[in-house]
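Student: I would like to learn how to read the features of a structure such as this one, moving from its strands to its core and its rings. Could we take them one after another?

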Amino acid sequence: MKMPQFNFLTLIKRFVFPYKWYVVLNILCNILSTVFSLFSFALIIPILEILFKTTNVSYTYMPFEWSMDVIKNNAYWWVSNYIETNGALNTLFLLGAFLVILTFFKTGIAYLASYFIIPLRTGLVRDIRNQLYDKVVDLNLGFFGKQRKGDIMARMLGDVNEVEVSIMSSIELLSKNPIMIIVYLGVLLLLSWKLTLFVLCVLPFAGLLMGKVGRSLKKTSKDAQSQSGQLLSQIEETLGGLRIIKAFNAEKAVTRNFRHLNDTLRRTVMKVNRRYTLAHPMSEFLGTATIAIVLIFGGMLILNDAGSLSAAEFIYYLVIFYSIINPFKELSKASYSIQKGMASLERIDMILDAVNPLKEVSNPVKIKPFSSKIEYKNVWFKYGEDWVLKDVSLTVGKGQIVALVGQSGSGKSTMVDLLPRFYDVQKGEITIDGVNVKDMALYDLRSYMGNVNQEAILFNDTVFNNITFGVENATLEQVIEAAKVANAHEFIMAMEDGYQTNIGDRGSRLSGGQRQRISIARAILKNPSILILDEATSALDTESEKLVQEALERLMKTRTSIVIAHRLSTIKNADVICVMKDGEIIERGGHEELLAKNGAYSKLYTMQSF
């Protein structure tokens with residue numbers, strides 16, 4: 001596992017560079033704000049001395065030098081001279097006006113510092129989301145077979161938001177507070193090095209105590225994000241399976257499971273929030289305790305005449321020291337936020353660092369129009385330990401219809417998934433016109449093919465956009481022609497907005513047959529050379545099957561087709577029928593030829609006919 005510091009530095013290196021000028025402007029504004037803050041605090045000393053008349057020392061002007069003593073002497077000389085000329089009350093008014101003006105500049109520049117950091121914060125989150133989405137789209141299907149969809153969604157939404165709330169806010173704190181701490185410490189050392197060294201001996205103990213709580217926060221936060229992913233998975237599965245839940249009277253069971261997950265998440269989040277909210281009171285208490293210690297020690301130095309501080313300068317020292325406490329507290333809160341955000345960042349990196357086993361060659365073969373044949377040559381494949389395909393060989397000539405039949409789990413769907421390289425074969429090879437599919441660019445390879453699956457995969461969009469999905473610059477006339485070939489034009493025109501009608505989530509506003517015909521229209525519009533049909537009619541009623549089958553026959557007329565068939569009546573006209581069992585082709589031939597063999601195909605056909 002990567003160390004949190006490495007992850008945080010990697011995040012900075014990976015995302016901050018495009019926003020470097022915003023960081024520079026932010027740092028400059030923070031420096032100016034800190035300087036104005038020091039000058040505004042410095043006005044407290046002459047104001048106090050005028051009010052309480054604590055000094056009768058006379059000052060004379062000294063030639064300017066970059067010396068603290070010279071600057072201090074000349075400032076006091078100017079105040080003393082102004083008092084003699086204009087009176088103490090007018091001087092007090094003038095110093096008060098200066099204090100307001102300096103504070104205005106300090107707060108205005110502090111606002112600019114925050115203004116410049118906002119594009120960085122929002123840009124970082126946007127870039128992480130973009131990279132996550134790009135990675136999810138790029139990864140092969142095997143990765144998602146091992147992950148819960150809800151957990152992946154939680155990483156893309158909840159964990160990224162956690163990064164936004166915690167780490168991104170911490171970047172702002174880390175770009176501001178170290179500057180204030182360094183400048184303030186420098187001034188404190190100039191005022192009294194003895195008192196400041198004493199303070200620096202006390203502060204590390206407070207830091208160690210707060211760091212211990214921060215480390216325990218990271219593990220608990222990671223558990224909370226993981227449990228949030230489980231809860232989101234449960235919600236996603238419930239929404240997708242409501243029909244089955246109600247049909248099997250399983251409402252109480254799923255509700256019980258959800259409440260158990262929800263209660264577990266609540267307990268974990270309570271631990272996180274209790275530890276997180278401990279940061280402020282703990283730092284407040286430790287800060288106050290430290291100020292009390294400084295007050296006692298500094299008072300001893302003044303009362304025993306062991307220090308060079310006057311009473312007014314000691315108050316100035318305390319004001320600056322109190323001002324340095326807040327950046328220290330913010331730094332401690334930032335460390336909590338970083339620990340909390342690192343848990344989310346590790347979960348995000350699980351996706352970003354995932355390796356896609358589908359490698360593209362550096363110099364892919366330039367494809368030509370499909371002209372000859374597809375060949376499976378001694379193909380072996382497995383998802384886990386057991387082989388799903390065992391030494392399978394198959395040739396599909398151009399213009400042929402090849403059907404794959406057999407029991408569930410015999411390897412039919414795996415055969416067609418290997419052709420567009422949703423997965424890669426472990427042994428053997430697949431070639432198109434003699435070229436290994438691994439030597440082609442994935443985009444070029446998949447441009448050969450069109451898919452119509454058992455479950456029509458549609459999107460929550462208009463009919464037009466679903467049919468043109470993946471096809472750029474398609475005209476309405478082309479879409480209408482594709483819909484007519486797919487037997488879909490009539491029902492589309494009967495909808496309230498025709499081709500601009502939204503079909504709902506996964507096409508929920510359409511019947512099964514209508515969804516399938518939209519899916520066929522999409523494949524027709526793409527006009528692929530190779531067509532893959534995965535049990536495209538198995539889930540339909542007789543009337544819908546007839547309409548879909550007619551559309552499929554039109555679609556297959558001039559194309560090379562690989563058909564996975566559940567209903568054998570739909571593949572009587574196939575050029576080659578392959579019967580699969582336990583990952584092997586045990587029979588192959590035409591419909592009549594296989595019936596005459598009286599083997600596995602004949603038995604399947606007889607059972608369906610009966």
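The dialogue below takes up strands, sheets, cores and aromatic rings in turn.

Tutor: Before we begin, keep in mind that this is a predicted model.

Student: Let me start with strand S7: how many of its residues are buried?

Tutor: A general idea helps here: in a regular strand the side chains alternate between the two faces of the sheet. In this structure, Ile 530, Ile 532 and Asp 534 point one way from S7, while Leu 531 and Leu 533 point the other way, and all of them are buried. Because five of the five residues of S7, which spans residues 530–534, are buried, the strand is largely enclosed by the rest of the structure.

Student: Which strands pair with S7, and do they run parallel or antiparallel?

Tutor: In general, strands of a sheet pair through backbone hydrogen bonds, either parallel or antiparallel. Here S6 and S7 run parallel and are joined by four bridges, with Val 452 having Leu 533 of S7 as its bridge partner. S7 also pairs with strand S8 (residues 560–564), again in the parallel sense, over five bridges, and in that pairing Asp 534 stands opposite Ile 564 of S8.

Student: What is the order of the strands in the open sheet of four strands?

Tutor: The order is S2-S1-S4-S5, and the pairing is antiparallel. At the edges are strand S2 (387–397) and strand S5 (435–436), each of which pairs on one side only. Between strand S4 (residues 427–432) and S5 there are two bridges in the antiparallel sense, and Ile 432 stands opposite Val 435 there.

Student: Turning to the interior, which residues touch the most other members of the largest nonpolar core?

Tutor: That core has 43 residues, and the ones touching the most other members are Ile 467, Ile 492, Ile 520, Ile 571 and Tyr 601. Helix H17 (residues 512–526) contributes the largest share of this core, namely six residues. If we set aside residues up to four places away in sequence, Ile 467 touches Val 479, Ala 483, Ile 492, Tyr 499, Ile 518, Ala 521, Arg 522 and Leu 525. There is also a second, separate core of 32 residues, with Phe 381, Leu 394, Met 415 and Tyr 423 among them.

Student: How many aromatic pairs does the structure hold, and how should I read their geometry?

Tutor: The structure holds eleven such pairs, and each can be read from the distance between ring centres and the angle between planes. Phe 104 and Phe 105, for instance, are edge-to-face, at 5.9 Å centre to centre with 70° between the planes. Phe 104 counts as exposed because its relative accessibility is 58%, whereas Phe 105, at 40%, is partly exposed. The rings of Phe 370 and Tyr 448 have centres 6.4 Å apart and planes at 70°, so this pair is edge-to-face as well. That pair links distant parts of the chain, 78 residues apart: Phe 370 lies in the loop between helix H11 (311–352) and strand S1 (373–382), and Tyr 448 in the loop between helix H13 (442–447) and strand S6 (449–452). Both Phe 370 and Tyr 448 are buried.

Student: Where do charged ends sit over rings?

Tutor: The charged end of Lys 382 sits over the ring of Trp 387, 4.6 Å from its centre, and that of Lys 427 sits over the ring of Trp 380, 5.1 Å from its centre.

Conventions: Residues are numbered from 1 along each chain as its sequence is written. This is a predicted model: local features need pLDDT of at least 70, side-chain atom pairs count only at pLDDT 80 or more; totals for chains, interfaces and linings use all residues. Side-chain values use heavy atoms; hydrogens and water are left out. A nonpolar core is a set of buried Ala, Val, Leu, Ile, Met, Phe, Trp, Tyr and Cys residues joined through side-chain atoms within 4.5 Å. Buried means under 20% relative accessible area, exposed over 50%, partly exposed in between (1.4 Å probe, protein chains only). Contact means heavy atoms within 4.5 Å. Rings of Phe, Tyr and Trp (its six-membered ring) pair if their centres lie within 6.5 Å; planes under 30 degrees apart count as stacked, over 60 as edge-to-face and the rest as tilted. A charge sits over a ring if NZ of Lys or CZ of Arg is within 6 Å of the ring centre and within 35 degrees of the ring normal. Two strands pair if DSSP finds at least two bridges between them.
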